[in-house]
Amino acid sequence: MTWAHIAPAVTAAFLASIVEFVEALTVILAVGSVRGWRGALTGAGAGLAVLLALVAIFGPALALVPLNLVQLFVGALLLLFGMRWLRKAILRAAGVLALHDEAAAFAKQTEAMQAAGGRATGFDRIGFAAAFQITMLEGVEVVFIVIAVGAGGVGLLLPAAGGAVAALLLVMLLGVIVHKPLSRVPENQLKFLVGVLLSSFGAFWVGEGMGLAWPGDDWSILGLVLGFLGVALLCVQFCGRSARQRLARP
């Protein structure tokens, strides 16, 4: 294990987790402010417990499968997953798709919670269900990324999980301090970078699984990151120019 191998894994897990946890925090804050904090925090805590159980069960289980098969299968999934993130990020950066707005998402979720009624006197099933659902929805992607990144090499699961936990603690701390949606977090830019990192990891693991001898070994990950980043930036320019030309047509 080298720093060139560990650092991209931790970075990818950390940044991807921040994006997902910020989106989950927005809904949990809306639920707590309208329905009450007991149901919101209980639902979020239950969701986190289930997610930790998934990592504990499926993470070590991958060690029973030959490493090259794990790298090939997980690498392909990670590449597809990363390209999906990167595609949306490119279209948003080019102005083809609208940027994600946490403040608007908070207002929408608050309206939905208000429509469901006022604060419950006892256990709030609606608040619990809403917080649990969003924690699971966003958290499952975090679990997949942690397991996928960690499965790429021996000893990577713990650093990847550490990156995700660090992101969770940071978002929770900011949520407690700010007590409102983290609209200033550059989420769209983070998604762009995460898409590049996940795509690079996926390509690297697929090559490893196929027995490809990467030049520079683990350092080739940095080359893949630069390659995907360069192509993505060119795609932003191309898509932006195409969108402007369509709008300019009479």
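## Salt bridges

In this predicted model, the count of salt bridges comes to 2. One of them joins E23 and K191, whose closest N and O atoms are 2.9 Å apart. Because E23 belongs to helix α1 and K191 to helix α7, the pair ties together parts of the chain that are 168 residues apart in sequence. E23 counts as buried, since its relative accessibility is 13%, and K191 counts as buried as well, at 12% relative accessibility.

The other salt bridge is formed by E141 and R84, with 4.0 Å between the closest N and O atoms. Here E141 sits in helix α5 and R84 in helix α3, so this pair ties together parts that are 57 residues apart in sequence. E141 counts as partly exposed at 22% relative accessibility, and R84, with a relative accessible area of 37%, is also partly exposed. As a general point, side chains of opposite charge can pair when their charged atoms come close.

## A buried glutamate without a partner

Which side chain of opposite charge is nearest to E138, a buried residue that has no salt bridge? The answer is K191, at a distance of 7.3 Å; a salt bridge requires a nitrogen and a carboxyl oxygen within 4 Å, so a separation of 7.3 Å does not qualify. K191 is the residue that forms a salt bridge with E23.

E138 is found in helix α5. When its neighbours within four places in sequence are left aside, E138 is in contact with E20, E23 and A24, and E23 among these is the salt-bridge partner of K191.

## The helices of the chain

The chain has 8 helices and 0 strands, and read along the sequence it follows the pattern α-α-α-α-α-α-α-α. Of the 250 residues in the chain, 47% are buried. Among the contacts with a separation of 6 or more, 86% are between residues 24 or more positions apart.

Helix α7 can be looked at in more detail. Its 23 residues should span 33 Å at 1.5 Å a residue, and this agrees with the 32 Å that separates its end C-alpha atoms. Helix α7 is mostly covered, with 20 of its 23 residues buried, and it is followed by G211, whose phi is positive, near 85 degrees.

## The nonpolar cores

The largest nonpolar core has 50 residues, and those with the most contacts inside it are L78, I90, V149, F192, L198 and F201. At least two residues of this core are supplied by each of the helices α1 (3-35), α3 (67-93), α5 (125-150), α6 (157-178), α7 (187-209) and α8 (220-248). The largest share comes from α1, which provides 11 residues of this core. Apart from it lies another core, of 11 residues, among them V27, I28, A44 and I134. In soluble globular proteins, nonpolar side chains tend to be buried together.

I90 gives a closer view of the largest core, as one of the residues with the most contacts inside it. Leaving aside neighbours within four places in sequence, I90 is in contact with F192, A232, C235, V236 and C239, and F192 is likewise among the residues with the most contacts inside the largest core.

## A buried alanine in helix α5

A148 lies in helix α5. Is this residue buried or exposed? A148 counts as buried, because its relative accessibility is 1%. Once its neighbours within four places in sequence are set aside, A148 is in contact with V74, L78 and W205, and L78 is one of the residues with the most contacts inside the largest nonpolar core. A148 and Q71, which are 77 residues apart in sequence, are 8.6 Å apart in space from C-alpha to C-alpha.

## Cysteines

How many disulfides does a search of the whole structure find? The search finds 0 disulfides. C235 is in no disulfide, and the nearest cysteine sulfur to its own, that of C239, is 6.0 Å away. C239, too, is in no disulfide, its nearest cysteine sulfur being that of C235, at 6.0 Å. A disulfide requires two cysteine sulfur atoms within 2.5 Å, so a separation of 6.0 Å does not meet the rule. C235 is partly exposed, with a relative accessible area of 30%. Both C235 and C239 are in contact with I90.

Definitions and conventions:
Residues numbered from 1 in each chain as written. Predicted model: local features only at pLDDT ≥ 70, side-chain atom pairs only at ≥ 80, totals over all residues. Heavy atoms only, no water. Core = buried A, V, L, I, M, F, W, Y, C linked by side-chain atoms within 4.5 Å. Buried < 20%, exposed > 50% of the residue type's maximum accessible area, 1.4 Å probe, protein only. Helix = DSSP H or I, 4+ residues; strand = E, 2+ residues; numbered from the N terminus. Contact = heavy atoms within 4.5 Å. Expected span 1.5 Å × (residues − 1). Lys, Arg positive; Asp, Glu negative; His and termini not counted.
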